[in-house]
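Work through the exercises below with the sequence and the coordinates at hand. Each task is followed by a solution in steps.

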Amino acid sequence: MKGTLNLRRIPMRFAAVVLAGSVLAATTSCSAENKGPQVTSTASSQPNSSEAGTGTAESTTPATGSAAGSPSVNPSEGGPASASAGPSPAATAVSWKTYTDSAKTVSFELPQEWIAQSVTPEAGSLAHAVKVEVKDAEGRYIATLQTGLPSAAPVACPAGQARPYVVISSVPLDVPHSDGPETIDPRVVFRVVQGYKFFGSYGITNMVAGADGQSCELRNRVQGPAGKGDISFGDVLAIHAFATDEKVAPAKAFDTLDLAAKYAVHGSEFANVQRMLLSLKVNL
């Protein structure tokens, strides 16, 4: 089932309440010869907000007359609750730069103080795969970009094991991808799954999360074109409802769904992450 509950015409202070009810009820270097990764200043650039990819499972639309990115609710649409598709809140970093890998297959913008570092791709990755880790100015992990990932089947989800999830933010993204019966148009998303806490994760995806607003695993990966491997850019490759003895980080854990919504809608960290993810360009 690819439907979502689109949030419209309800101010933010009420939206998180509605969301909660829904869930509970159901140094990089640049050589002169361009032989290494490149970082260039893009202080005046804007995020890639291509509208490619419309109205499917995690697609949402800002309500007419309301601020883009302000959650609202349309109970008639069914499916998991979801925030509007606007790229709000605005990124807070003053200066931005662009990272480009040595082969110029990927590029993305990141705050000037953040660090993007090329690392060895995962074992089993396709030829010419790229893996880049992003950290903030203090060295704290932010996200990993990977291309050439081998296809991976979703985890088994026995009856009764799926957990309610919520799409808090979902914005179209223009990257190479392939379509299939269990795919949607690529998106930059922030989603939360309910366990003993509310576990949140950001990333890019074109994979259907689950049916009837429940899932065993939310995957942050885009099914790439045939023979090119999958693409992932986010904090983790997938998120699930963690057990009490599992390590949650680098995914997020929130005591309430309201706190998760505030992180995505009002948080400066997510605003900068979202702009970075939206700026991704991939040449396969």
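**Exercise 1. A charged pair**

Is R275 buried or exposed? Find its salt-bridge partner, and state where the two residues lie.

Solution. Note first that the model is predicted.

Step 1. The relative accessibility of R275 is 10%, so R275 counts as buried; the cut-off for buried is under 20%.

Step 2. R275 forms a salt bridge with E109, and their closest N and O atoms are 2.9 Å apart.

Step 3. E109 has a relative accessibility of 9% and therefore counts as buried.

Step 4. R275 belongs to helix α3 and E109 to strand β5, and the two are 166 residues apart, so that the pair links distant parts of the chain.

Step 5. Helix α3 covers residues 268-278, and nine of its 11 residues are buried. R275 is one of these, as are F270, N272 and M276.

**Exercise 2. The largest nonpolar core**

Which residues of the largest nonpolar core touch the most other members? Describe the contacts of M276.

Solution.

Step 1. The core has 42 residues, and those touching the most other members are F108, I168, F233 and M276.

Step 2. Helix α2 (residues 257-266) supplies the largest share of this core, namely six residues.

Step 3. Another core, of 11 residues, lies apart from it; Y165, V167, A209 and V236 are among its members.

Step 4. Leaving out residues up to four places away in sequence, M276 touches W96, F108, E109, L110, W114, V134, I142, A143 and F233. E109 in this list is also the salt-bridge partner of R275.

Step 5. As a general background, nonpolar side chains tend to be buried together in soluble globular proteins.

**Exercise 3. Strand β11 and its neighbours**

How many residues of strand β11 are buried, and which strands are joined to β11 by bridges?

Solution.

Step 1. Strand β11 spans residues 198-207, and 10 of its 10 residues are buried.

Step 2. Both faces are covered: one side carries F198, G200, Y202, I204 and N206, and the other carries F199, S201, G203, T205 and M207.

Step 3. Strand β10 (residues 183-194) runs antiparallel to β11, with nine bridges between them. R187 has T205 of β11 as its bridge partner. The connection from β10 to β11 is a hairpin through three residues.

Step 4. Strand β16 (residues 252-254) is also antiparallel to β11 and is joined to it by three bridges. Here F199 has A253 as its bridge partner.

**Exercise 4. The disulfide**

Which cysteines are joined by a disulfide, and why is the disulfide called right-handed?

Solution.

Step 1. The count comes to one disulfide. C157 is joined to C216, with an S to S distance of 2.0 Å.

Step 2. The torsion about the S-S bond of C157 and C216 is about 70 degrees, so the disulfide is right-handed.

Step 3. C157 sits in the loop between β8 and β9, C216 in the loop between β12 and β13, and the two are 59 residues apart.

Step 4. With 39% relative accessibility C157 counts as partly exposed, whereas C216, at 19%, counts as buried.

**Exercise 5. Backbone exceptions**

Which peptide bond is cis, and what is the phi of K104 and of H128?

Solution.

Step 1. Most residues other than glycine have a negative phi, and most peptide bonds are trans.

Step 2. The bond from A249 to P250 is cis, with omega near 10 degrees. P250 lies in the loop between β15 and β16.

Step 3. K104, which is not a glycine, has a positive phi of about 55 degrees. K104 lies in the loop between β4 and β5, and at 46% relative accessibility counts as partly exposed.

Step 4. H128 is not a glycine either, and its phi is positive, about 65 degrees. H128 is found in the loop between β6 and β7 and, at 75% relative accessibility, counts as exposed.

**Exercise 6. Confidence**

Where does pLDDT stay under 50?

Solution.

Step 1. The chain has a mean pLDDT of 77, and 69% of its residues reach 70 or more.

Step 2. Over residues 1-36 pLDDT stays under 50. Over residues 40-79 the pLDDT is below 50 as well.

Step 3. Where pLDDT is low, the predicted coordinates should not be read in detail.

Methods. Residues are numbered from 1 along each chain as its sequence is written. This is a predicted model: local features need pLDDT of at least 70, side-chain atom pairs count only at pLDDT 80 or more; totals for chains, interfaces and linings use all residues. Side-chain values use heavy atoms; hydrogens and water are left out. A nonpolar core is a set of buried Ala, Val, Leu, Ile, Met, Phe, Trp, Tyr and Cys residues joined through side-chain atoms within 4.5 Å. Buried means under 20% relative accessible area, exposed over 50%, partly exposed in between (1.4 Å probe, protein chains only). Helices (H or I, at least four residues) and strands (E, at least two) are DSSP runs, numbered from the N terminus. Contact means heavy atoms within 4.5 Å. Two strands pair if DSSP finds at least two bridges between them. A disulfide is a pair of cysteine sulfur atoms within 2.5 Å. pLDDT is the predictor's confidence in each residue, from 0 to 100. A salt bridge is a side-chain nitrogen of Lys or Arg within 4 Å of a carboxyl oxygen of Asp or Glu.
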